[in-house]
Amino acid sequence: MLKILTAEQIRALDAHTIMNEPITSVDLMERAGQAFVSWFCRHVDVVQTVGIICGTGNNGGDGLVIARLLLTYNYKVKVWIVRGESKESTDFTANLNRIATKHLVNEISNEQELSSSDFTDCHVLIDALFGTGLSRKVVGLQEAVIKKMNDTTAYKIAVDVPSGLQIDKPSIGTIFKADFTLTFQLPKLAFLLPENFQYVGNWQVVRIGLDKKFIETSDTKHFLLEKKDVKAILKPRNKFDHKGNNGKALLIAGSYGKMGAAILAARAAMRTGLGLLTTHVPSACLTIIQNSAPESMASVDGHEHYFTTTPSCEDIDAVGVGPGIGLHNETKRAFEKLLQQSKKPLVVDADAITLLANHPSLLLLLPPQSILTPHPGEFRRLVGDWANDFDRLEKQKNFSKQIGGIVVLKGAHTSITSPNGKVYFNSSGNPGMATAGSGDVLTGMIMSLLAQGYKPLDAAIVGVFLHGWAGDLAVRKMGEISLIASDIIDFIPPAYHDLR
Ligand SMILES: NC(=O)C1=CN([C@@H]2O[C@H](COP(=O)(O)OP(=O)(O)OC[C@H]3O[C@@H](n4cnc5c(N)ncnc54)[C@H](OP(=O)(O)O)[C@@H]3O)[C@@H](O)[C@H]2O)[C@@H](O)CC1
Ligand SMILES: [K+]
């Protein structure tokens, strides 16, 4: 699990590393520059002309190290130093002095110099204007430089952080729009929020050897999940296991015309390792579920077309409710009865979430540790609108606390919040998974894991990561455009295999 720290914590981490490794700050900067260049040389052809735009702080210092190193690798490099009111940092000055080919270094200290600076023949632009030291809104000359960079057609790469982006709070003003951000040592909170994708682009962490112990002891509520975290949670199967001890689940899903949701959730639940599944469906839909998910038993509702009669949950390890059930009054009443009789955590998705939003008194009936899996639209119904994605995250944390349960807010970097305020961001998955039925598959998977005895938070973490990993394997064969929800189910077996 990678910790996500604030800008202030990262400054303390840098300082601690310098003191304790020990390493001089200029050598640490060299290491950061080397890490960047080692990635760069593997991804950018040497025939490309590279423009590097530097501020005069340490992010700019990184830019100068990168320039010097790229020159040794025979890239054609041009450097622009943007001068504002601020003084040069010591390590910036040291690295400026280390550049032998001074004629490649241009200065921009006013609008006139900016307008005569031509970035257009650069195939790649590297942004080293500001990093984690950004302390205020970018205005004036610096803002004009960022706008000019954004206006070019070059492939844009940000060093550590796109200039103008605050890493731990909402940003205001003009921000560099990177195609790719290579960030040092740890992921940054802002990178995980959808509103910042336009600035951060795709991103990757490169390690620069910052102090591990300091990171371990740093206090944070934000984490990025890694494959090894999920590996560590996975339960092994035992030789003498039988279907009875691999979990019994009840899935309440589907209605007339929306049986796909039930089938996808049921099939995903079985592929995720469930022992026994009962799917509760409207009577007219019995044949459909029996034909399409033969591994599942069926429980038949009193109504032909939608959920109205609450099945017994006795002897059931986990219940999943919501995909495709609709919003009829009788469905609301049956759902209410389910909530009243449930003592164990439920997995609540889709229409069942909308029912909770439409009838907030139902929230009080949710068993503790229940798992809600809203997409952003459903989450908005639950908590109202948000000012920005940091606000959305706060709302998610507060809502988890309020219901004493786990909220899985779906999207790129799905966020999982627990009532103690911790947030786990997912690192698997791809845009191809934004397709009808993908959420139903996730519900089936989480319900399955819950029934198999995973603690609710672990079931959410494993379910979300495994779902994304299966999607990542599927996309290699199917492509982003053609990937459909059933493909995710088909790739659960190899995804499990990878994680074991
Ligand atoms: N420390 C280390 O060991 C390592 C650090 N590393 C690198 O250092 C980066 C952090 O460096 P940093 O702290 O120097 O901050 P940075 O982002 O360059 O900006 C500060 C400068 O910008 C100025 N400024 C700020 N906001 C402004 C605004 N809106 N408009 C105008 N000016 C503004 C500010 O001026 P001041 O506020 O002081 O007036 C100051 O001059 C980090 O992201 C990573 O790349 C790596 O090398 C690894 C080792
Ligand atoms: K930058």
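**Two sheets, two domains and a potassium site**

In this predicted model, an open sheet of seven strands runs in the order β4-β3-β2-β5-β6-β7-β8, with parallel pairing.

Me: Which strands stand at the edges of the seven-stranded sheet, and why is one side of each left without a neighbour?
Reply: The order of this sheet begins with β4 and ends with β8. Each of these two has a single partner strand, so one side of each has no neighbour in the sheet. The edge strands are β4 (105-108) and β8 (202-206).

Me: By how many degrees are neighbouring strands of this sheet turned against each other on average?
Reply: The strands of this sheet pair in parallel. With direction ignored, the average turn between neighbours is 20°.

Me: Which residue in β5 stands opposite isoleucine 53?
Reply: Strand β2 (residues 49-54) runs parallel to strand β5 (residues 124-128), and five bridges join them. Opposite isoleucine 53, the residue in β5 is aspartate 127.

Me: Which helix packs on this sheet, touching β2, β3, β4, β5 and β6?
Reply: The direction of this helix makes about 150° with that of β3 (76-82). Its residues are 140-151, and its name is α6.

Me: What is the site of the potassium ion (ligand 2) like, judged by the angles among its six donor atoms?
Reply: The donors are Asn59 (OD1), Asp127 (O), Asp127 (OD), Phe130 (O), Val159 (O) and Val161 (O), at 2.5 to 3.1 Å. Six donors count as octahedral if opposite ones are over 155 degrees apart and all others between 65 and 115. Here the angles run from 69 to 150°, and the site is irregular.

Me: Is valine 159 buried or exposed?
Reply: Val159 gives its O atom to the potassium ion (ligand 2). Buried means under 20% relative accessible area. The value for valine 159 is 0%, so this residue is buried.

Me: How many residues of domain 2 are in contact with domain 1?
Reply: The protein is divided into domain 1 (2-220) and domain 2 (227-499). Their centres, taken over C-alpha atoms, are separated by 41 Å. On the side of domain 1, 14 residues take part in the contact; on the side of domain 2, the number is eight.

Me: Which residue in β14 is the bridge partner of valine 319?
Reply: A further open sheet has eleven strands, in the order β1-β9-β18-β17-β16-β15-β14-β13-β10-β11-β12, with mixed pairing. Within it, β13 (residues 318-321) and β14 (residues 346-348) pair in the parallel sense over three bridges. The partner of valine 319 is leucine 346.

Conventions
Residues numbered from 1 in each chain as written. Chains lettered and ligands numbered in written order. Predicted model: local features only at pLDDT ≥ 70, side-chain atom pairs only at ≥ 80, totals over all residues. Heavy atoms only, no water. Donors = N, O, S within 2.8 Å, 3.2 Å for Na, K, Ca; no water. Tetrahedral: all angles 85-135°; square planar, octahedral: opposite > 155°, others 65-115°. Buried < 20%, exposed > 50% of the residue type's maximum accessible area, 1.4 Å probe, protein only. Pairing = 2+ DSSP bridges. Helix = DSSP H or I, 4+ residues; strand = E, 2+ residues; numbered from the N terminus. Axes fitted to C-alpha atoms, helices over the stretch in contact; angles between N-to-C directions. Contact = heavy atoms within 4.5 Å. Domains from an automatic or database assignment.
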